[in-house]
Amino acid sequence: MEDMTKLGLLSELTEGLAKINITTPTKIQQQVIPAILKGVDVIGRSETGSGKTFAYLLPLFQKMDLTLKKTQVIILTPTHELASQVQKQAEILAKVSGLPIKSVLIIGSASMTRQLQKLKEKPHIVVGSAGRILDFIQKRKISAHTVKTIVLDEGDRLLDHQNIESVQAVIKTTLKQRQIVLLSATVSQDIKKRAKQIMNENVVEISMTDSLLPKNIVHYYILAEKREKFIVLRKVLAAEKPKKAILFLNNPENIAVTVDKLCYHGLKADGIYGGAYKTERQNAMENFRQGRIHFLVASDIGARGLDIEDVTHIINLDLPEEPEQYLHRAGRTGRKGMSGQSISIVTPYERKWIRKYEKTWNITFVQKEMSFGKMVDSKKNKKEFERKPKKKSTTVGQKKIASKKEHFQPKDKR
């Protein structure tokens with residue numbers, strides 16, 4: 001497909017996209033946009049950075065009844081950062097297209113008074129977390145009976161055991177004729193099963209056949225003892241000099257400590273994690289986007305759906321046990337066709353996760369090491385860790401048994 005005009009979108013939308021240099025639809029957009037325009041329920045999977053947000057925003061903008069000043073679309077996200085990002089994309093699309101479509105951000109930990117004021121403006125789209133949105137629906141501040149479409153952005157996370165109850169509660173407040181759209185980079189069979197339980201019968205499943213991780217991302221790992229990881233990290237940062245890098249830790253409690261260490265060594269860094277105040281997280285994200293800091297330290301809250309330009313490096317100080325989390329982390333770089341590096345600093349014990357990622361996502365890791373201030377291929381490299389079939393050896397005990405058998409063989413009586 002050559003351009004956006006072939007998708008049946010309004011001229012206001014295609015001309016608006018051209019203003020921000022978007023003229024060619026991505027693969028997922030080519031499939032999802034027509035499906036949403038038809039009004040069917042959709043389960044879509046595509047690699048990170050493939051344009052999934054516009055894949056659902058564009059058709060929903062087109063379907064909006066501008067004469068009805070009520071909430072018609074609810075977009076649920078698993079993190080506040082992703083919700084804020086979607087809200088910004090909706091605002092950009094409304095501005096460039098000239099369509100008078102209002103959207104509002106509704107998330108927990110934010111001022112309810114301010115959000116209530118925004119809801120009085122009768123927004124067409126509500127973006128945010130299921131818990132806070134459900135609260136406003138129950139208080140009759142959001143009219144759920146006028147909602148035509150519910151989007152589950154990063155739907156695999158929204159339908160996990162921690163979030164599914166609140167998501168289902170929001171869906172139950174809407175009419176049965178609503179449309180449900182689920183999009184994510186990873187959609188397991190279990191998630192599909194849960195999704196279909198809340199969807200209509202005629203569900204369109206769209207799964208891109210390309211790699212789940214862009215091929216322009218290279219994957220490295222460096223061996224280090226746990227107590228030496230930060231020392232190795234400093235060497236990597238000094239050697240690579242990343243323009244923008246996201247550093248991932250498993251334990252949110254270690255983020256502030258790591259940020260302090262980086263700042264102590266003269267590196268501009270900040271952190272985001274679930275326990276931080278909303279304003280702190282917003283300031284950290286904005287400073288990172290604007291280039292005022294070069295290193296963002298995050299827990300997995302920062303791995304979901306964030307689209308930040310010019311992220312050149314992802315560095316894992318801890319490895320996630322679930323391959324899905326590695327995919328979402330690595331997918332924060334290499335976006336929009338740019339090259340990216342995902343570097344994991346691992347202990348000998350953590351190497352097993354490297355093998356698991358390779359097998360699950362069909363990717364290859366190259367072992368690196370630091371040498372004279374540079375990151376170079378390890379002499380051992382990956383061959384040391386490949387499983388080789390063991391040769392059958394004869395033990396001393398087996399030799400003795402064989403000798404005895406030979407000694408007691410009956411003599412030929414002929």
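Here are three short exercises on a predicted model, each with a worked solution.

Local features need pLDDT of at least 70 and side-chain atom pairs pLDDT 80 or more, while totals for chains, interfaces and linings use all residues. Residues count from 1 along each chain as its sequence is written, and side-chain values use heavy atoms, leaving out hydrogens and water.

**Exercise 1.** Find out whether His-80 is buried or exposed.

Solution. Start with its place: His-80 sits in helix 4 (residues 80-97). Helices here are DSSP runs of H or I with at least four residues, strands are E runs of at least two, and both are numbered from the N terminus. Next, the cut-offs: buried is under 20% relative accessible area, exposed is over 50%, and partly exposed is in between (1.4 Å probe, protein chains only). His-80 has 18% relative accessibility, so it's buried.

**Exercise 2.** Work out which strands stand at the edges of the sheet.

Solution. Write down the order first: seven strands make an open, parallel sheet, 3-4-2-5-6-1-7. Strands pair if DSSP finds at least two bridges between them. Strand 3 (103-106) and strand 7 (203-207) each have a single partner strand, so they're the edges, with one side lacking a neighbour in the sheet.

**Exercise 3.** Determine how many bridges join strand 5 to strand 6.

Solution. Look at strand 5 (residues 149-153) and strand 6 (residues 179-184): they run parallel, and five bridges join them. For one example, take Thr-149, whose bridge partner in strand 6 is Gln-179.
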